[in-house]
Amino acid sequence: MRLEDSDILIDLYRGAWSADPWQSLFLRLNDRAHATQSAIFVLPAESDAATGIYSAAQPALSKIPFAADVLQRLRYQRVYASDELSGHPDLPYFRVIRTRADGGGDAWLFLGRRSGDFPATITALISGLGPHLGVAAAAYLQQCRQADAIAVSQAVLDPLRLGWLTLGAAGIILAASTPDILHGLDTVLGQIGGRLTMMGPAGKTMLQTLNAYETRQNLRPVAWRFDDVEILIKPYQGHDRDALATVFVRLSHRLAAKGHETLAEMAHITRSEARFALKLADGLSIAEAAETLGLTLETARNYSKQIYSKMDLRGQTDLIRVLENSVIRLI
């Protein structure tokens, strides 16, 4: 590629990790090539449907301008012109190149405009971008997989009311599983970029623990329990050089009432019994659970006997233990 095209190359690589993928690249390409639309299509190795990322500034297209089988028939690293393929009627002039994404999958770069064909210099530019597109597309796919993994992890953590923070010196919060993990707590306060504050002696102990981690004097985990939260702090083991500790936060919880249908199916009890079981698992007495659900005490006692018998439990303590460690917590 020519030196004067290095800005396009930089945008190609940066765009793979951008919150709005490749929008800066599209703007620059549209300006350089006088294009009406630019787009990148990415097809992971494990998928049969390409994802299209289009120029937001000039949204002439809203879908891939070719049939999927047309894209799949294109040869790698060859620039195709509009007189070789049947494209989008609103963009009769275009160039498209297909490349392999490093690590698996394919990627296509598309430029189109309504009037006047592209000059040879633009064809050469697209050809030069081809190998780099494969590297950038692989980075984009990696970011997507990481985002998916984080989303799944968060979907597990949220129902468990479990989260994490990383702390630097003096208790500064560097990162968190969710920005509002400490929202609504009275005994533990803080936000990303600020200090983590614990009420009472725990705050002093936390700072002493961080100092011990920093000086490598003592690397043992430390835990606290407040009315509304459990805290575990342990040495950080990731790649952030500024982080000293990871803090795990578990909030007090109530088992979700909507989990009764799943519990009924899983434990082979009735839905009414499952509703009652969830109340007992929240720590309510038989009488309190009966009052909450509008049951007579006699019916409630019968429910408890049926639940313990069908689930092979010895009593409420067993029920709490089983449901505390059950996938029901994830609902």
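Buried residues have under 20% relative accessible area and exposed ones over 50%, with partly exposed in between (1.4 Å probe, protein chains only). By that scale R73 is exposed, with a relative accessible area of 57%.

The structure is a predicted model, in which local features need pLDDT of at least 70, side-chain atom pairs count only at pLDDT 80 or more, and totals for chains, interfaces and linings use all residues. Residues are numbered from 1 along each chain as its sequence is written, and side-chain values use heavy atoms, with hydrogens and water left out.

**Salt bridges**

A salt bridge here is a side-chain nitrogen of Lys or Arg within 4 Å of a carboxyl oxygen of Asp or Glu. The structure holds twelve of these salt bridges. Three of them are set out below.

| Pair | Closest N to O distance |
|---|---|
| R73 and D69 | 3.2 Å |
| D106 and R98 | 2.6 Å |
| R271 and E261 | 3.6 Å |

Helices (H or I, at least four residues) and strands (E, at least two) are DSSP runs, numbered from the N terminus. R73 and D69 are both in helix α3 (residues 68–73), four residues apart, so about one helical turn separates them. D69 is partly exposed, at 43% relative accessibility.

The pair of D106 and R98 is placed otherwise: D106 is buried at 7% relative accessible area, and R98 is buried at 6%.

R271 and E261 link distant parts of the chain, with R271 in helix α7 (residues 271–281) and E261 in helix α6 (residues 260–267), ten residues apart. R271 is partly exposed at 46% relative accessibility, and E261 is partly exposed at 38%.

**The pairing of α1 and α2**

Axes are lines fitted to C-alpha atoms, for helices over the stretch in contact, and angles run from 0 to 180 degrees between N-to-C directions. The axes of α1 and α2 come within 8 Å and cross at roughly 150°. That makes α1 roughly antiparallel to α2, a label for angles over 145 degrees. In contact (heavy atoms within 4.5 Å) are D7, I8, D11 and L12 of α1 with S24, L25, R28, L29 and R32 of α2. A network of salt bridges links D7, D11, R28 and R32.

**Nonpolar cores**

A nonpolar core is a set of buried Ala, Val, Leu, Ile, Met, Phe, Trp, Tyr and Cys residues joined through side-chain atoms within 4.5 Å. The largest has 29 residues, of which L12, W22, L29, I40, L109 and L111 touch the most other members. Two or more residues come from each of α1 (6–15), α2 (23–33), β1 (37–43), β5 (106–113) and α4 (120–160). The most come from α4, which gives ten.

What is L109 in contact with, leaving aside its neighbours within four places in sequence? The partners of L109 are L29, A39, I40, R95, V96, I97, I126, L129 and L133. Apart from this core lies another, of 25 residues, including L167, F226, L244 and V247.

**Two loop residues**

H34 is not a glycine, yet has a positive phi of about 55°. H34 is in the loop between α2 and β1 and is exposed, with a relative accessible area of 60%.

A170, also a residue other than glycine, has a positive phi near 65°. A170 lies in the loop between β6 (162–167) and β7 (173–176) and is partly exposed, at 37% relative accessibility.

Definitions and conventions:
Angles under 35 degrees count as roughly parallel, over 145 as roughly antiparallel, 65 to 115 as roughly perpendicular and the rest as oblique.
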